[in-house]
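Colleague: I would like a close look at a single part of this protein, taken slowly enough for a first-year student to follow. Could you begin with the whole and then work inwards?

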Amino acid sequence: MYIFITILILIAAILMILIVLVQNSKGGGLAAGFSSSNQIMGVRKTTDFLEKATWALAATIIVLSILTAKFTTSRSNLPQSQIEVQQPAPLAPTTAPDVTPTLPVQPVTPPTE
């Protein structure tokens, strides 16, 4: 499911790039080809369609990204960091080794008289 949603995000992003490239920042773009004739998809209707398609694709990408984040967090119960993997299990107090420090003992030499 995660891979499927990621592929949908990529497709929506590519479509959004193409739609934004077709638009012109000053209202031209694809609509400029229809300026001389008033067809079914006239100047105003073309820009409305491109604007609505841009907003729809943006909303689609946002929703799919949220779904991807949801599936990523609930995907596995494995440890999320190397610290959790390498940390040993705590020992019971009765099985803990004796770690009291020992001082080196100086050899006792008998006094010479």
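Modeller: Of the 113 residues of the protein, 13% count as buried, and it should be said at once that this is a predicted model. The secondary structure comes to three helices and zero strands, so that, read from the N terminus on, the elements run α-α-α.

The part I would choose for the close look is helix H1, which covers residues 2–22. At 1.5 Å a residue, its 21 residues should span 30 Å, and because the C-alpha atoms at its ends are 31 Å apart, the expected and the modelled values agree. Which residues of H1 are buried? They are Ile-5, Ile-9, Ala-12 and Ile-19. If you look down the axis of H1, the buried residues fall within an arc of 95°, and therefore they line one face of the helix.

The face of H1 that is turned away from this buried side carries the exposed residues Ile-3, Leu-10, Ile-14, Ile-17 and Leu-21. Take Ile-3 as an example: this residue lies in helix H1, and it counts as exposed because its relative accessibility is 59%, where the cut-off for exposed is over 50%. Ile-3 also belongs to a nonpolar patch on the surface, which it forms with Met-1, Tyr-2, Phe-4, Ile-7, Leu-8, Ile-11, Ile-14, Leu-15 and Leu-18. Together these residues have about 970 Å² of accessible area.

One member of that patch, Leu-8, leads us to another helix. Thr-60 lies in helix H2, and although Thr-60 and Leu-8 are 52 residues apart in sequence, they are 9.1 Å apart in space, from C-alpha to C-alpha. Thr-60 counts as partly exposed, because its relative accessibility is 35%, and partly exposed is the class between under 20% and over 50%.

Helix H2 covers residues 43–73, and Thr-68 lies in it as well. Is Thr-68 buried or exposed? Thr-68 is buried, because its relative accessible area is 12%, and buried means under 20%. The side chain of Thr-68 reaches the backbone oxygen of Leu-64 at 2.8 Å.

Methods. Residues numbered from 1 in each chain as written. Predicted model: local features only at pLDDT ≥ 70, side-chain atom pairs only at ≥ 80, totals over all residues. Heavy atoms only, no water. Helix = DSSP H or I, 4+ residues; strand = E, 2+ residues; numbered from the N terminus. Expected span 1.5 Å × (residues − 1). Buried < 20%, exposed > 50% of the residue type's maximum accessible area, 1.4 Å probe, protein only. Arc of directions from axis to C-beta. Patch = residues over 30% accessible without salt bridge, like charges linked within 9 Å, V, L, I, M, F, W, Y side chains within 5 Å. Areas by Shrake-Rupley, 256 points an atom, 1.4 Å probe, with all protein chains shown as cover. Salt bridge = Lys/Arg side-chain N within 4 Å of Asp/Glu carboxyl O. Polar contact = N/O pair within 3.5 Å; in protein donor to acceptor, adjacent residues only side chain to side chain.
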